[in-house]
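Visitor: Please take one part of this model and look at it closely, residue by residue where that helps. After that, set it against the rest of the chain.

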Amino acid sequence: MARIVMKFGGTSVANLERIYNVARHVKREVDAGHEVAVVVSAMSGKTNELVGWVQDMPKVAGANSPFYDAREYDAVVASGEQVTSGILAIALQSMGINARSWQGWQIPIRTDNAHGAARIQEIDGSEIIKRMGQGQVAVVAGFQGIGPDNRIATLGRGGSDTSAVAIAAAVKADRCDIYTDVDGVYTTDPRVVPKARRLKKISFEEMLELASLGAKVLQVRSVELAMVHKVRTFVRSSFEDPDAPGMGDLINPPGTLICDEEEIVEQEVVTGIAYAKDEAQISLRRLADRPGVSAAIFGPLAEAHINVDMIVQNISEDGSRTDMTFTVPSGDVQKALRVLDDNKATIGFDVAQNESGLCKVSVIGIGMRSHAGVAALAFKALAEKGINIKAITTSEIKISILIDGAYSELAVRTLHSAYGLDKS
């Protein structure tokens with residue numbers, strides 16, 4: 001017998017038929033004698049609808065400002081998960097399974113006060129553990145907790161993944177199964193590279209890099225939590241027949257296991273290729289090369305909640321001047337330029353140049369730590385295809401390369417092939 005947390009995303013609970021299918025997945029694990037908690041997202045499209053209502057209400061009311069109370073936003077959008085949890089509990093009860101729904105505040109999942117993007121601070125899993133021990137399935141509304149102001153606080157988009165991993169850690173689950181519309185983590189996007197392979201295992205570190213660099217399989221925060229608490233996490237497909245051979249395998253179910261590096265015996269040099277479109281580059285020309293300049297640039301950008309990624313600095317020959325280049329999401333370019341212009345006197349640059357429509361392609365693999373020439377191979381492969389590199393950043397297990405957006409798919413296919421990821 002094991003203790004399992006199962007999470008189902010919006011496409012998995014899109015309608016009553018899909019929710020019934022989810023109930024069959026849950027029943028399979030219950031029938032096998034496992035203790036089960038289930039975390040659910042809102043039905044597909046429901047969160048967008050609720051967000052739209054919140055954003056439109058000030059306009060309908062004729063308000064001069066489009067802004068609204070983030071606490072009321074949370075009260076509205078959290079209702080999507082509340083509906084799903086109740087409906088799934090009814091489905092399970094109809095199949096003869098003892099189940100009840102839980103909202104975030106009932107557990108309780110305690111968060112900070114950042115409404116709309118709250119972070120989990122503490123979970124008391126004792127009551128759920130007690131109920132699971134009595135044979136009851138806990139159906140938990142994901143994406144939500146309760147803030148220090150005693151009001152519902154949501155965890156940001158993709159927050160149900162985080163809820164599931166956090167609950168798995170709190171109840172000391174043997175594993176956390178994230179069910180989605182794909183059957184695992186692939187070496188790259190199969191829509192771009194048809195020969196992309198599903199990975200049997202991937203380390204927490206590699207998955208964290210993939211998630212933060214463009215892969216949409218899991219929310220970054222959920223991977224961080226899984227890594228900190230060493231929660232063995234499976235990415236699985238809810239669209240497979242719940243009773244298909246192997247689906248009930250406790251040790252090796254179909255999908256991708258995200259685990260500690262020590263569990264991976266044969267480590268590939270490169271595990272996967274991630275990419276993120278709609279990147280933009282900002283270059284500040286002829287900055288004074290003095291202490292405090294970087295803080296003067298990136299401090300105000302951080303305060304404006306602008307996410308800065310690749311940073312490259314070039315110092316002039318005489319050491320008196322420098323150019324600073326960095327990337328931001330394309331949608332933040334104008335906001336970033338306004339912030340920089342407002343702080344121009346403090347920063348002391350001559351001109352700010354920008355270029356949009358770029359793409360960041362990243363090569364990821366824990367095997368890079370012990371292999372030389374990984375970066376050189378990427379540069380050579382891209383050069384042979386005539387793809388110009390605008391910026392490069394590296395870490396122990398990652399190489400990120402900035403290129404023109406028009407070459408994004410060609411670059412992904414080229415690198416996927418160059419590192420032998422096409423081969424089964």
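Guide: Ala418 makes a convenient starting point, and its place is in helix 13, which covers residues 408-418. The model is a predicted one, and everything below should be read on that basis. Ala418 counts as partly exposed because its relative accessibility is 30%, which falls between the 20% limit for buried and the 50% limit for exposed. Apart from neighbours within four places in sequence, Ala418 is in contact with Leu377 and Ala381. Ala418 and Gly158 are 260 residues apart along the chain, and their C-alpha atoms are separated by 32 Å.

That separation can be set against the dimensions of the whole. The C-alpha atoms of the chain fill a box of roughly 75 × 60 × 35 Å along the principal axes. The secondary structure comes to 13 helices and 18 strands. The radius of gyration is 24 Å, close to the 22 Å given by the globule rule for 424 residues, so the chain is as compact as a globular protein of that length. Of the contacts between residues at least 6 apart in sequence, 76% join residues at least 24 apart. Buried residues account for 49% of the 424. The accessible surface is about 19,300 Å², and carbon and sulfur atoms hold 49% of that area. As for charge, there are 45 positive and 53 negative charges, and the mean positions of the two sets lie 2 Å apart.

Helix 9 shows how a helix is packed in this chain. Helix 9 runs over residues 293-303 and contains Glu303. Its buried residues are Val293, Ala296, Ile297, Phe298, Pro300 and Leu301. In an α-helix there are 3.6 residues to a turn, so residues three or four places apart point the same way. The buried residues of helix 9 pack against strand 13 (272-288), strand 14 (311-315), strand 15 (321-329), helix 10 (333-342) and helix 11 (344-347). Glu303, by contrast, is exposed because its relative accessible area is 64%, above the 50% limit. From C-alpha to C-alpha, Glu303 is 34 Å from Arg369, and the two are 66 residues apart in sequence. Just after helix 9, His305 takes a positive phi of about 60°.

Strand 13, one of the partners of helix 9, also has a residue with positive phi. This is Arg286, which lies in strand 13 and has phi near 55°, a positive value in a residue other than glycine. Arg286 is partly exposed, as its relative accessible area is 41%.

Lys360 is a charged residue in a different setting. Lys360 is found in strand 16, residues 351-364, and it counts as buried because its relative accessibility is 5%, under the 20% limit. The side chain of Lys360 makes a polar contact with the side chain of Asp309 at 2.3 Å. Leaving out neighbours within four places in sequence, the residues in contact with Lys360 are Leu213, Ala274, Tyr275, Ala276, Glu279, Asp309, Met310, Ser400, Ile401 and Leu402.

Asn21, in helix 1 (residues 16-31), is a further polar residue to check. Asn21 is buried because its relative accessible area is 12%. Its side chain reaches the backbone oxygen of Ser238 at 2.9 Å. Not counting residues up to four places away in sequence, Asn21 touches Ser238 and Pro242.

Two loop residues remain, and their backbone geometry is worth noting. Lys230 lies in the loop between helix 8 (220-229) and strand 11 (233-237). Phi of Lys230 is near 55°, again a positive value in a residue other than glycine. Lys230 is exposed, given a relative accessible area of 54%. Pro108 sits in the loop between strand 3 (99-102) and strand 4 (109-111). The peptide bond from Ile107 to Pro108 is cis, and its omega is near -5°.

To come back to the start: Ala418 is partly exposed, with Leu377 and Ala381 as its contacts outside the sequence neighbours within four places. Lys360, at 5% relative accessibility, counts as buried, and its side chain has a polar contact with that of Asp309.

Conventions: Residues are numbered from 1 along each chain as its sequence is written. This is a predicted model: local features need pLDDT of at least 70, side-chain atom pairs count only at pLDDT 80 or more; totals for chains, interfaces and linings use all residues. Side-chain values use heavy atoms; hydrogens and water are left out. Helices (H or I, at least four residues) and strands (E, at least two) are DSSP runs, numbered from the N terminus. Buried means under 20% relative accessible area, exposed over 50%, partly exposed in between (1.4 Å probe, protein chains only). A polar contact is a pair of N or O atoms within 3.5 Å; within protein, one must be able to donate a hydrogen and the other to accept it, and residues adjacent in sequence count only if both atoms are side-chain atoms. Contact means heavy atoms within 4.5 Å. The radius of gyration is taken over C-alpha atoms; the globule rule is 2.2 Å times the number of residues to the power 0.38. Accessible areas come from the Shrake-Rupley method with a 1.4 Å probe; for residues, only the protein chains shown count as cover. Lys and Arg count as positive and Asp and Glu as negative; His and the chain ends are not counted. The place of a charge is taken as NZ of Lys, CZ of Arg, CG of Asp or CD of Glu.
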